[in-house]
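Reader: I'd like to go through this model with you and ask how its labels are justified. Could you show it to me?

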Amino acid sequence: MSDSVEVVVLGAGPAGLAAAREAATAGRSVLVLERAATVGGMAASFEVAGVRVDHGSHRLHPASPPAVLGLLRELLGEDLQTRPRNGRLRLYDRWVGFPLRPVELVRTLPPGAVRRIGRDAVLRPFAATRSESYESLLVSKLGPELHGALYGPYAEKLWGLPGGRIDVEQARRRVSAGGMWGIARKIVRPDRNGQGRVFHYPRRGFGQIVDVLADAAAKAGATIEAGAEVTTVRALADAVAVSTADGRTIRAGHVLSTVPLPVLARLSRPQQPVPRLGFRAMVLVYLVHDGGRWTSYDAHYLPGPQTPVTRLSEPANYRVSAEDPTDRTVLCAEIPCAVGDAVWSAPDQELAGIVTDGLAAAGLPPVRLAGVEVRRLPHVYPVYERGYAERLAPLETWVDGLERVTTFGRLGLFAHDNTHHAVAEAMDAVAALRADGTRDPVRWAEARRRFAAHVVED
């Protein structure tokens, strides 16, 4: 193994692997270092009871940039399926189809709730617009009814904070998008092009995307090392020194980093304090259901406080695959939490009980439980607590001043991004590299401005 390489990529999730492929295809020598034992990160798939499952609910949105969708179609071929969305949302103790259909919504919701939502919509143009917090902005924009019934409770479950403590940027990144967060918009302006009613998904699970990206990067000449923990990243005058836990030091012309931005700062400046940025953790509880498919739905959204579960997906319903068994299925329950809290530390069987109790409270069918598996993810959602921008700014200024280190991806940018965003960011990061290994500041600044406009698609 050479101790000198043109590009070192930190992290082998979709952003890192896409960047490795782009850089290697451009003729650069590339080394990818991934701390985990396998590649893929939160986008990887794995097997539970012989069923391919994901780390939560993942989809490739049809609004993906043409360059990204074209690349994945090229790599996946016919395995990239286009599927109809078929979910349900629990609202006012009733189930409504998801994606939302305005006529069904009006017919299903309690008449009083429909009247209050309509009243808020009529009064909204005359309401004062405030922007102190997620809560105040949504109440002024959408009205108190939808905020109280949907957005407020769901935000507190997802991010662990009441809406008054969440920054308005959280609302822009989530509520202005389609999906569940666009419920108010869907009532008054239906999805006429149908994009919100379909999605792309690989035949062997969402992780097939990172698998083919890894294969393509390797075929282009990149070296990918899993189980490689990075201990320091030091900027030198004409290179970057990357040291690993096994005692190596690699001299890199440029480092492309997808690790959490505070982690990169600690690796690079261990003696300096790092501003606090919050990440929401998540426990994923996989329930093996005996006897075939549990329901015909791909996902159930549970915004209310009756259960800590925010979403329950059935991965086999996301695809058509002869490899999926017919005598069992697996459900994936998502429970946001904080590292070390009661949920994070709970035993597997206790978590299974929390999930099944919550499903019963929501009126869902019982699970014929044949097994339980639990995964714990420490960095899932960046938390935009009010004041986060002031803490984030010094980190961004510091890393922008490093002409041989570029950070991107959900964790690297502390952003709420989809997989298609991460791949697009990887393409832009590599495109901004100069021949001498430095970064073109103008080109990267233009790309960063585009990233700032991203909104999340559910």
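Author: Gladly, and let's start with a definition: two strands pair if DSSP finds at least two bridges between them. Please keep in mind that this is a predicted model.

Reader: How do you know that strand 6 and strand 7 pair?

Author: Strand 6 (residues 87-91) and strand 7 are joined in the antiparallel sense over 5 bridges. The cut-off is at least two bridges, so they count as a pair. As one example, glycine 87 has phenylalanine 98 in strand 7 as its bridge partner.

Reader: What makes strand 7 and strand 17 edge strands?

Author: The open sheet has 7 strands in the order 7-6-14-15-16-13-17, with mixed pairing. Strand 7 (94-98) and strand 17 (369-383) each pair on one side only. From one strand to the next, the twist averages 20°.

Reader: What packs on the sheet?

Author: Helix 12 (residues 348-361) does, touching strand 13, strand 15, strand 16 and strand 17. The helix direction makes about 90° with that of strand 17.

Reader: Why are Val399 and Trp444 called lining residues of the second largest cavity?

Author: Lining residues have an atom within 4 Å of a cavity point, and Val399 and Trp444 are among those listed, so they earn the label. About 30 Å³ of space lies in this cavity. Strand 18 (405-407) gives the largest share of the lining, 3 residues.

Reader: What makes 3 residues of that lining count as charged?

Author: Asp and Arg count as charged, and the lining includes Asp400, Arg439 and Arg448, so the class has 3 residues. The lining also has 3 nonpolar and 2 polar residues.

Terms used:
Residues numbered from 1 in each chain as written. Predicted model: local features only at pLDDT ≥ 70, side-chain atom pairs only at ≥ 80, totals over all residues. Heavy atoms only, no water. Helix = DSSP H or I, 4+ residues; strand = E, 2+ residues; numbered from the N terminus. Axes fitted to C-alpha atoms, helices over the stretch in contact; angles between N-to-C directions. Contact = heavy atoms within 4.5 Å. 1 Å grid on protein atoms, 1.4 Å probe; cavity = no way out; pocket = protein on both sides within 12 Å on 5 of 7 lines; lining within 4 Å. Points joined across faces, edges and corners; volume = space filled by probe spheres on them.
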